[in-house]
Amino acid sequence: QMNEVEVEAFSTPSYACQRRTTLDNHNAVLTDALSLLAENAELSDEDGRGVAFRRAAAVLKSLPEPVTGLTQLRGLPCLGGHSLRVIKDVLENGASSEAEATKQSERFKALKVLTGIFGVGVKTAERWIRDGIVGLQQLQLSERPLNRAQRAGLRHYEDLNRPVTRAEAAAVAAVVEEAVAAVLPGARTTLIGGFRRGKLTGHDVDFLMTHPEEGREAGLMPKVVSWLDSQGFLLYQKTTRNSYLEAKDGPARPPSNMDRFERCYSIFKLPEEARRGGEEARRGAEEAEPCSGAAAASQVKGEGPKPWRAVRVDLVVSPISQFAFALLGWTGSKLFERELRRWAGHEKAMSLSSHALYDNKQSRYLRASSEEEIFAHLGLEYVPPSERNA
Ligand code: TTP
Ligand code: MN
Ligand code: MN
Ligand code: MN
């Protein structure tokens, strides 16, 4: 055709850690469909397919403009046949029939509801579904034995499935900072995870704690946890000890993606007045008593408005010598982290973890006291947190 407008093809490097991915996604319809299929694969024990869909979605998230035709995608990395079929379907029909069918499927809906309970993983959810339990009420009626985490997860199901706002994250940060200052003056608290990347909402709030003098961070976690508990801020907590020094598999290569820092998975009781954030958070802590008249976002059955909400909070402690690696490893996104490790291994013969970077060719650890230095060691251009939203 003579007068067909030539649309330029996109191009982008193949590792997500070589790209800048902001929250300004110009292809949300496409990436929503691919992300849903990724989630379904992950819920079906098909992690390989899950990663393939996540990588495809990440490529589209990094494009500067909306995709209008398949020809623009020629030459882009990470777009396999299946992902391209999904993209084609959305471009031609406005929606992906596969994603829509998945969304409607009873199995997917049940897996979503059940794994939406804090403490319930895919394996447990599958077992329950096999026994005919596909919803919360059935679960409660079944009188299945639940562990402590699952009981807390079920009790606070509604709150924990409501996105955490930035104001709420700031209020939690004020509480955590007060706790840290009270138990170890000089220790530092850093917001990590999605909120560090600039996300407007999150499923939890993540913090990394350290002390500028190596070794002074030892024992910090139990002290912070017991301070928080004594002030009435904890609905649930499970602390896992640091197992890094006992690891036999080499510090840069933990057996899974999990690292070995001392960490605490918790559920905070965030008072309503603290949720207004900033200065008021402190007052909220001092008057933890549920106060009258406070506006509440949700109702407890028959008891009137609830003057607090439950919020998932993750706490991690690292020694200062590993701080940069911990910061990089806990800022995310999950795909960005995975891609960093893949880049390190496949392109640089290095092993990257949240503890260290090991150079296999030189047989030595590469030190770093900032994220910038780690990117430099890896031969990558520095990508700031707000551009790690792959
Ligand atoms: P999440 O809190 O699960 O995710 P997020 O903060 O990016 O997004 P959300 O709004 O849903 O909370 O994880 C935070 C980061 O920490 C993520 O990049 C994965 C990383 N991480 C772990 O979760 N566990 C680990 O053991 C390590 C090493 C990293
Ligand atoms: Mn833009
Ligand atoms: Mn998070
Ligand atoms: Mn988290």
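How far from an oxygen atom of ligand 1 does a polar side-chain atom of aspartate 204 lie? In this predicted model, the distance between the polar side-chain atom of aspartate 204 and the ligand oxygen is 2.7 Å. Two further side chains make comparable approaches to the ligand. Histidine 203 places a polar side-chain atom 2.7 Å from an oxygen atom of ligand 1, and an N or O atom in the side chain of lysine 199 is 2.8 Å from an oxygen atom of ligand 1. On its own, ligand 1 would expose 590 Å², and the protein buries 84% of that area.

The surroundings of ligand 1 can be described next. Around the ligand there are 19 residues, of which Gly194, Lys199, His203, Asp204 and Lys334 come nearest. Sorted by class, this shell holds eight charged, nine polar and two nonpolar residues. At least two shell residues are supplied by each of helix 11 (193-196), helix 14 (323-331) and helix 15 (334-348). The shell also draws on two domains, with at least three residues from each of domain 3 (164-321) and domain 4 (323-387).

Aspartate 204 leads from ligand 1 to a pair of metal ions. This residue bridges the manganese ion (ligand 3) and the manganese ion (ligand 4), which lie 3.6 Å apart. For the manganese ion (ligand 3), the coordinating residues are Asp204 (OD) and Asp206 (OD), at 2.0 to 2.1 Å. For the manganese ion (ligand 4), coordination comes from Asp204 (OD), Asp206 (OD) and Asp314 (OD), at 2.1 to 2.2 Å. Along the chain, the donors of the manganese ion (ligand 4) follow the spacing D-x1-D-x107-D. Distant parts of the chain are linked here: aspartate 206 belongs to strand 4 (residues 205-210) and aspartate 314 to strand 9 (residues 308-317), 108 residues apart. Aspartate 204 and aspartate 206 are both buried, and aspartate 314 is buried as well.

Another manganese site involves other residues. The manganese ion (ligand 2) has Asp24 (OD) and His26 (NE2) as its protein donors, lying 2.5 to 2.6 Å from the ion. Are these two donors buried or exposed? Aspartate 24 counts as partly exposed because its relative accessibility is 48%, which falls between the 20% and 50% limits. Histidine 26 is likewise partly exposed, with a relative accessible area of 32%.

Two buried residues complete the description. Histidine 355 sits in the loop between strand 10 (350-352) and strand 11 (357-359). Although found in a loop, histidine 355 has a relative accessible area of 2% and is therefore buried. Which side chain does histidine 355 join through a polar contact of 2.8 Å? The partner is glutamine 322. Isoleucine 374, for its part, is placed in helix 16 (residues 371-377). With a relative accessible area of 0%, isoleucine 374 is buried. Between isoleucine 374 and alanine 356 the C-alpha to C-alpha distance is 9.4 Å, with 18 residues separating the two in sequence.

How values were computed
Residues are numbered from 1 along each chain as its sequence is written. Chains are lettered from A and ligands numbered from 1 in the order in which they are written. This is a predicted model: local features need pLDDT of at least 70, side-chain atom pairs count only at pLDDT 80 or more; totals for chains, interfaces and linings use all residues. Side-chain values use heavy atoms; hydrogens and water are left out. Donors are N, O and S atoms within 2.8 Å of the metal (3.2 Å for Na, K and Ca); water is not among the atoms, so sites may look incomplete. Helices (H or I, at least four residues) and strands (E, at least two) are DSSP runs, numbered from the N terminus. Buried means under 20% relative accessible area, exposed over 50%, partly exposed in between (1.4 Å probe, protein chains only). A residue is near a molecule or strand if one of its heavy atoms lies within 4 Å of it. A polar contact is a pair of N or O atoms within 3.5 Å; within protein, one must be able to donate a hydrogen and the other to accept it, and residues adjacent in sequence count only if both atoms are side-chain atoms. Accessible areas come from the Shrake-Rupley method with a 1.4 Å probe; for residues, only the protein chains shown count as cover. Ala, Val, Leu, Ile, Met, Phe, Trp, Tyr, Cys and Pro count as nonpolar, Asp, Glu, Lys and Arg as charged, and the others, Gly among them, as polar. Domain bounds come from an automatic or database domain assignment.
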